[in-house]
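Reader: Hey, I've got a structure to get through for class and I'm a bit lost. Can we just go through it together, bit by bit?

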Amino acid sequence: MAVVSKILNVWCENFEIVMRFLDKLLNCFNVLSIDTEFPGFLRNTPRNAPAVESYNDLKFNVDCTHLIQLGITLSDKEGKISYTFEFNFSDFDLKKDLHAGDSIQLLKDSGLDFDKIRKDGIPRCVFAPRFLEVLSKHRENLKWVTFHGLYDVAYLVKIFTNDALPPTAEAFSGVAALFFQSVFDIKVVAGYCQGLQGLKLGLSKLARILNVKRHGGAHHAGSDSLLTAAVFAEMKNRYELEESAFDGFLYGMDSRIERKPAEIMMLQYMQPLMIPQPLLVPTQFHHPLALSYYVPA
């Protein structure tokens, strides 16, 4: 599949211009494929840990760290890809904030400039209300796409609510549903596609299997979100997917993110920031629906 998309770096100085542009694009391109870069895992969850322990780890990791980048690629329902936006956040201070050293080194080796991000990035207190204002205009028509996206969604929930994550996975799913009316995790979807099930798949490996080319560098949120969008489009072309069967399921979490009534407006949920607690690394996913494997169309 040919992918043509411009990756736009978003800083504090061009943030407002980009938001106006994003607002217009969402009228035609309402599928948002997302990826995040963050300072790594402070706690690593054992593979077969109980669900409660997994969520506690997720909560601890997200509550105690700051988002570094958010990548958003827009596309339409036919899979046509528009622009990619790479938002850089100024909140993370490498000298003071908690982080995993190996994760930071990987991001440095991949080309992230932490000094520039700290100096020229967008404060989340600026990003959140403006971004939510734009989303609220298009909320009922938006579809979100992730790959292994539990942490992506969790960081956005933290930013959108300006609060620590809820105390339980069930409560988290309820809050996430206020913002993510429709969300897909293509790692979950891949587990039900013939030739992909049972494989240990990362995003780059899945893209190679599907002959989808990466644009930009790995471990940059913009490039990873663009690859996510392209892989999702290719999977829809190859497999006759029943999207409703996968809507709301994130890899590593049993609780489904289900749609909330339209009258519940996301802007009502901005609160003063609270300080962290315990967390989550994805555990094995068990799909609650009885699904047969999808085969190439």
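Reader: Okay, which residue does K236 meet in a salt bridge?
Author: K236 pairs with E243 through their side chains, at 3.0 Å from N to O. Keep in mind that this is a predicted model.

Reader: Is K236 buried, exposed or partly exposed?
Author: K236 has a relative accessible area of 28%, so K236 is partly exposed.

Reader: Why do side chains pair up like that anyway?
Author: Side chains of opposite charge can pair when their charged atoms come close.

Reader: And how many salt bridges does the count come to?
Author: The count comes to 14 salt bridges. Some share partners: E16, R20, R130 and E133 are joined into one network that way.

Reader: What about R214, which residue does it meet?
Author: R214 meets D224 in a salt bridge, 2.7 Å from N to O. R214 sits in the loop between α9 (203–209) and α10 (221–238), while D224 is in helix α10, so the pair ties together parts that are 10 residues apart in sequence.

Reader: Are those two buried or exposed?
Author: D224 is buried, at 8% relative accessible area. R214 comes out at 21%, which counts as partly exposed. The cut-off for buried is under 20%.

Reader: Got another pair for me?
Author: Sure, D120 and K119 form a salt bridge at 3.3 Å, N to O. K119 is exposed, with 68% relative accessibility, and D120 is partly exposed at 23%.

Reader: Back to α10 for a sec. How many residues does it have, and how far does it reach?
Author: Helix α10 has 18 residues and spans 26 Å from its first C-alpha to its last. That is close to the 26 Å expected at 1.5 Å a residue.

Reader: Is α10 mostly enclosed or out in the open?
Author: Largely enclosed by the rest of the structure, because 15 of its 18 residues are buried.

Reader: And what's in the loop just before it, between α9 and α10?
Author: N211 is one residue in that loop. N211 has a positive phi of about 60° although it is not a glycine. With a relative accessible area of 59%, N211 is exposed.

Reader: Where else does a residue other than glycine have a positive phi?
Author: H148 has one, with phi near 50°. You'll find H148 in the loop between β5 (143–146) and α6 (150–161). Its relative accessibility is 30%, so H148 counts as partly exposed.

Reader: Okay, switching to helices. How do α1 and α5 pack?
Author: Helix α1 (residues 15–25) and helix α5 (residues 124–138) pack at an angle of about 15°, and their axes are 10 Å apart. That makes α1 roughly parallel to α5. The crossing of α1 past α5 is right-handed.

Reader: And α2 with α6, at what angle do they cross?
Author: Roughly 55°, with the axes of α2 (residues 51–63) and α6 coming within 10 Å. The two helices are therefore oblique to each other. Here α2 passes α6 in a right-handed crossing.

Reader: Which residue in α6 should I look at?
Author: Try K158, which lies in helix α6. K158 is buried, with a relative accessible area of 4%.

Reader: How far apart are K158 and H66?
Author: In sequence, K158 and H66 are 92 residues apart. In space, their C-alpha atoms are 9.6 Å apart.

Reader: Anything in the strands?
Author: F87 is in strand β4 (residues 81–88). At 0% relative accessibility, F87 counts as buried. The C-alpha atoms of F87 and I72 are separated by 8.2 Å, and these residues are 15 apart along the chain.

Reader: Last bit, what's the overall tally? How many helices and strands?
Author: The protein chain has 10 helices and 6 strands. Of its 297 residues, 55% count as buried.

Reader: And how much area does the chain expose?
Author: About 13200 Å², and carbon and sulfur atoms supply 52% of it.

Notes:
Residues numbered from 1 in each chain as written. Predicted model: local features only at pLDDT ≥ 70, side-chain atom pairs only at ≥ 80, totals over all residues. Heavy atoms only, no water. Helix = DSSP H or I, 4+ residues; strand = E, 2+ residues; numbered from the N terminus. Buried < 20%, exposed > 50% of the residue type's maximum accessible area, 1.4 Å probe, protein only. Areas by Shrake-Rupley, 256 points an atom, 1.4 Å probe, with all protein chains shown as cover. Salt bridge = Lys/Arg side-chain N within 4 Å of Asp/Glu carboxyl O. Expected span 1.5 Å × (residues − 1). Axes fitted to C-alpha atoms, helices over the stretch in contact; angles between N-to-C directions. Parallel < 35°, antiparallel > 145°, perpendicular 65-115°, else oblique. Left-handed = near helix turned anticlockwise from the far one by under 90°.
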